[in-house]
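Thanks for making the time this morning. I would like to walk through one model with you, so please have a look at it before I start.

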Amino acid sequence: MIIRCLIFYFMLMAYSPAQLAKPDSTLIKKPKTAFYLSLIPGGGQLYNGKLLKGSVVMGLESLAIYSFLENSNIYKDYDNGDHPFSKGRYLEKRNKYAWWVIFLYFYSMIDALVDAHLSPFDDIMGTAIEDLDGEKNEK
């Protein structure tokens, strides 16, 4: 079920009209908005115009959650099935994926915030450091 939802999501993203239009690079992104949208994994990256990065973050987060739930279910019902690993191994894998979920969540939040803060970077670096008219006015 989760895999079907992910495939459907990526198919939607592939045909999104927003990807066909080039985003205006002079628009300044609001870090506060990027932060609030990043509460949904990948939302901040999509707001910043990083569609590929947002899709990858959403996919990785979904995969980590799916793996966590799968290993958790195997660990709970270990005695009812035939599994290739020991019960302790499924506990370790469950915990590992729980850490990945947490790491990816906070990484995407920080990345969206930094991208929004640095959105006007090219415009700022393209301007002259000193304004010649300003120097004449100060003298």
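Let me begin with a question: what percentage of the 139 residues in the protein do buried residues make up? The answer is 25%, and I should say straight away that this is a predicted model, so that every value I quote today is computed from it.

As for confidence, the mean pLDDT of the protein is 82, with 73% of its residues reaching 70 or more. Over residues 15-20, however, the pLDDT is below 50, and this stretch has 3 contacts in the model beyond near neighbours in sequence. Where pLDDT is low, the predicted coordinates should not be read in detail.

Turning to the fold, the protein has 8 helices and 0 strands, which gives the pattern α-α-α-α-α-α-α-α when read along the sequence. Among the contacts with a separation of 6 or more, 58% are accounted for by residues 24 or more positions apart.

On the outside, the protein exposes about 10,400 Å², and carbon and sulfur atoms supply 65% of that area. What I would like you to look at there is a nonpolar surface patch of about 990 Å², whose members include Trp99, Phe106, Phe121 and Met125. Helix 6 (87-117) and helix 7 (121-126) are the elements that give two or more residues to this patch, and helix 6 gives the most, with 5 residues.

Phe121, to take one member of the patch, lies in helix 7 and is partly exposed, with a relative accessible area of 44%. Patch residues need over 30% relative accessible area, which is why Phe121, at 44%, meets that cut-off.

Terms used:
Residues are numbered from 1 along each chain as its sequence is written. This is a predicted model: local features need pLDDT of at least 70, side-chain atom pairs count only at pLDDT 80 or more; totals for chains, interfaces and linings use all residues. Side-chain values use heavy atoms; hydrogens and water are left out. pLDDT is the predictor's confidence in each residue, from 0 to 100. Contact means heavy atoms within 4.5 Å. Patches are made of residues with over 30% relative accessible area and no salt bridge: like charges are joined within 9 Å, nonpolar side chains (Val, Leu, Ile, Met, Phe, Trp, Tyr) within 5 Å. Accessible areas come from the Shrake-Rupley method with a 1.4 Å probe; for residues, only the protein chains shown count as cover. A salt bridge is a side-chain nitrogen of Lys or Arg within 4 Å of a carboxyl oxygen of Asp or Glu. Helices (H or I, at least four residues) and strands (E, at least two) are DSSP runs, numbered from the N terminus. Buried means under 20% relative accessible area, exposed over 50%, partly exposed in between (1.4 Å probe, protein chains only).
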